[in-house]
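Follow this walk through the model from its surface to its largest pocket. Keep the sequence and the structure side by side.

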Amino acid sequence: MAVFSVFYPAHEGAKFDHDYYKAVHIPLAQKAFGPTGLVDTRILRGVPGPDGSPPPFVAMVHLTFRDASALQASLGGPEAPDVQADVANFTDITPVIQISVE
């Protein structure tokens, strides 16, 4: 298993359309990467901490792939540019990316 995590840091004036992300962008990624090994997608929305402090991230997503080679095939595949190009439709935040394995 390999996980491609995308974190969207919170900052003043940042744009992030959660509805578009969930309804359009994530299904686009699932359609693009499903054939090459995407097996699960988990979307998380940042909420205030117990003390009311703002979340450090507006949102994050964890895309789980069958293995590292499936992740590489997906990110290097012909559909990846379309997924990347769609980012501007829901955010102006530069994401933080992490790849992890179990």
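Leu 75 sits in helix α2, which covers residues 68-75. Helices here are DSSP runs (H or I, at least four residues), strands are E runs of at least two, and both are numbered from the N terminus. This is a predicted model, in which local features need pLDDT of at least 70, side-chain atom pairs count only at pLDDT 80 or more, and totals for chains, interfaces and linings use all residues. Residues are numbered from 1 along each chain as its sequence is written, and side-chain values use heavy atoms, with hydrogens and water left out.

Is Leu 75 buried or exposed? Leu 75 is partly exposed, because its relative accessible area is 31%. The cut-offs are under 20% for buried and over 50% for exposed, with partly exposed in between (1.4 Å probe, protein chains only). Leu 75 joins Ile 97 and Ile 99 in a nonpolar surface patch. Together the three have about 240 Å² of accessible area. Areas come from the Shrake-Rupley method with a 1.4 Å probe, and for residues only the protein chains shown count as cover. Patch members have over 30% relative accessible area and no salt bridge; nonpolar side chains (Val, Leu, Ile, Met, Phe, Trp, Tyr) are joined within 5 Å, like charges within 9 Å. A salt bridge puts a side-chain nitrogen of Lys or Arg within 4 Å of a carboxyl oxygen of Asp or Glu.

Stay on helix α2. Ala 68 belongs to this helix. Ala 68 is partly exposed, at 44% relative accessible area. Its C-alpha is 19 Å from that of Lys 31, 37 residues away in sequence. Ser 69 is in α2 as well. Ser 69 counts as exposed because its relative accessibility is 51%. Between Ser 69 and Met 1, 68 residues apart in sequence, the C-alpha distance is 9.6 Å.

Move to strand β4. Ser 100 lies in this strand, residues 96-101. With a relative accessible area of 25%, Ser 100 is partly exposed.

Now the loop between α1 and β2 (38-45), which holds Pro 35. Pro 35 is exposed, at 69% relative accessibility. From Pro 35 to Ile 93 the C-alpha separation is 28 Å, across 58 residues of chain.

Finally, the largest pocket. How much space lies in it? About 290 Å³. Of its 17 lining residues, Phe 4, Val 6, His 25, Val 83 and Gln 84 are the closest to the centre. Elements giving two or more residues to the lining are β1 (2-9), α1 (18-33), β3 (57-65) and α3 (80-86). Helix α1 gives the largest share, five residues. By class, the lining has 15 nonpolar, two polar and no charged residues.

Note on methods: 1 Å grid on protein atoms, 1.4 Å probe; cavity = no way out; pocket = protein on both sides within 12 Å on 5 of 7 lines; lining within 4 Å. Points joined across faces, edges and corners; volume = space filled by probe spheres on them. Nonpolar A, V, L, I, M, F, W, Y, C, P; charged D, E, K, R; others polar.
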